[in-house]
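Work through the exercises below with the sequence and the 3D view side by side. Try each task before reading its solution.

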Amino acid sequence: MPINPRDPYDPNNIFAKILRGEIPCDKVYEDEWTLAFHDINPQAPLHLLVVPKGAYVSWDDFSEKASSEEIAGLIRAVGQVARENGLVDPGYRVLANIGQHGHQEVPHLHIHLFGGRQFGTMI
Ligand code: AMP
């Protein structure tokens, strides 16, 4: 069921539990601001998720409330993860689902990185 991006942050969402180390993930990257790991149900040969460590429901919440350092940290981490995983050449896709129409399932902001195949046109 897609989430409402204006709902209050639920500290028991699955990515909050991963960030607290309560459930495992297949980690590929971590820094002060972010954690990145393999999606459990990959939609491409390489499907990674980058999440901010702060408690943000969605892109909407994050873009409104996160500090400049957190925003820069997330953007830089997405680029770093892509470089470290060989995605830059031949290229990859970055996606964030937001709310009902975006079909966001997990109510903690996450950036999808898809790579390893040709994705064709946008949608
Ligand atoms: P979204 O529709 O953008 O909210 O996507 C949520 C993503 O989280 C989906 O691609 C799921 O496969 C992924 N996911 C859910 N639970 C886990 C988990 N425990 N570890 C890694 N990825 C997960």
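Helices (H or I, at least four residues) and strands (E, at least two) are DSSP runs, numbered from the N terminus. The model used here is predicted.

**Exercise 1.** Find where N4 is placed and decide whether N4 is buried, partly exposed or exposed.

Solution.
1. N4 belongs to the segment that comes before α1.
2. Buried means under 20% relative accessible area, exposed means over 50%, and partly exposed lies in between.
3. The relative accessibility of N4 is 34%, so N4 counts as partly exposed.
4. Along the chain, N4 and V57 are 53 residues apart, while their C-alpha atoms are separated by 8.9 Å.

**Exercise 2.** Treat I3 in the manner of the previous exercise: is I3 buried or exposed?

Solution.
1. I3 is also located in the segment before α1.
2. Its relative accessibility is 11%, and therefore I3 counts as buried.
3. I3 and K27 are 24 residues apart in sequence, and the distance between their C-alpha atoms is 25 Å.

**Exercise 3.** Describe the surroundings of N13 and state which backbone atom its side chain reaches.

Solution.
1. N13 lies in the segment before α1.
2. With a relative accessible area of 3%, N13 is buried.
3. The side chain of N13 reaches the backbone nitrogen of A16, at a distance of 3.0 Å.
4. A polar contact is a pair of N or O atoms within 3.5 Å.

**Exercise 4.** How many residues surround the ligand, and which elements supply them?

Solution.
1. The ligand is surrounded by 17 residues, and the closest are D39, N97, E105, H110 and H112.
2. At least two residues of this shell come from each of α1 (14-19), β2 (34-38) and β3 (46-52).
3. The largest share, 3 residues, is supplied by α1.
4. Sorted by type, the shell holds 7 nonpolar, 8 polar and 2 charged residues.
5. The space that the ligand takes up is the largest pocket.

**Exercise 5.** Which atoms of I40, E105 and H110 lie at short range from the ligand, and how much of the ligand is buried?

Solution.
1. For I40, a backbone N or O atom is 3.1 Å from a nitrogen atom of the ligand.
2. For E105, a polar backbone atom is 2.6 Å from an oxygen atom of the ligand.
3. For H110, a polar side-chain atom is 2.7 Å from an oxygen atom of the ligand.
4. On its own the ligand exposes 510 Å², and the protein buries 83% of that.

**Exercise 6.** Locate H47, classify its burial and name the residue whose side chain it contacts.

Solution.
1. H47 is part of strand β3.
2. The relative accessible area of H47 is 4%, so H47 is buried.
3. The side chains of H47 and H112 are joined by a polar contact of 2.8 Å.
4. H112 has already appeared, as one of the closest residues to the ligand.

**Exercise 7.** What is the sign of phi at H103, and where does H103 sit?

Solution.
1. H103 is in the loop between α4 (99-102) and β5 (111-115).
2. Its phi is positive, about 60°, although H103 is not a glycine.
3. The relative accessible area is 45%, so H103 is partly exposed.

Key. Residues are numbered from 1 along each chain as its sequence is written. This is a predicted model: local features need pLDDT of at least 70, side-chain atom pairs count only at pLDDT 80 or more; totals for chains, interfaces and linings use all residues. Side-chain values use heavy atoms; hydrogens and water are left out. A residue is near a molecule or strand if one of its heavy atoms lies within 4 Å of it. A polar contact is a pair of N or O atoms within 3.5 Å; within protein, one must be able to donate a hydrogen and the other to accept it, and residues adjacent in sequence count only if both atoms are side-chain atoms. Accessible areas come from the Shrake-Rupley method with a 1.4 Å probe; for residues, only the protein chains shown count as cover. On a 1 Å grid over the protein atoms alone, a cavity is a set of points where a 1.4 Å probe fits but cannot get out, and a pocket is an open set with protein on both sides within 12 Å along at least five of seven lines; lining residues have an atom within 4 Å of a point. A molecule sits in a cavity or pocket if more than half of its atoms lie within 2 Å of its grid points. Ala, Val, Leu, Ile, Met, Phe, Trp, Tyr, Cys and Pro count as nonpolar, Asp, Glu, Lys and Arg as charged, and the others, Gly among them, as polar. Buried means under 20% relative accessible area, exposed over 50%, partly exposed in between (1.4 Å probe, protein chains only).
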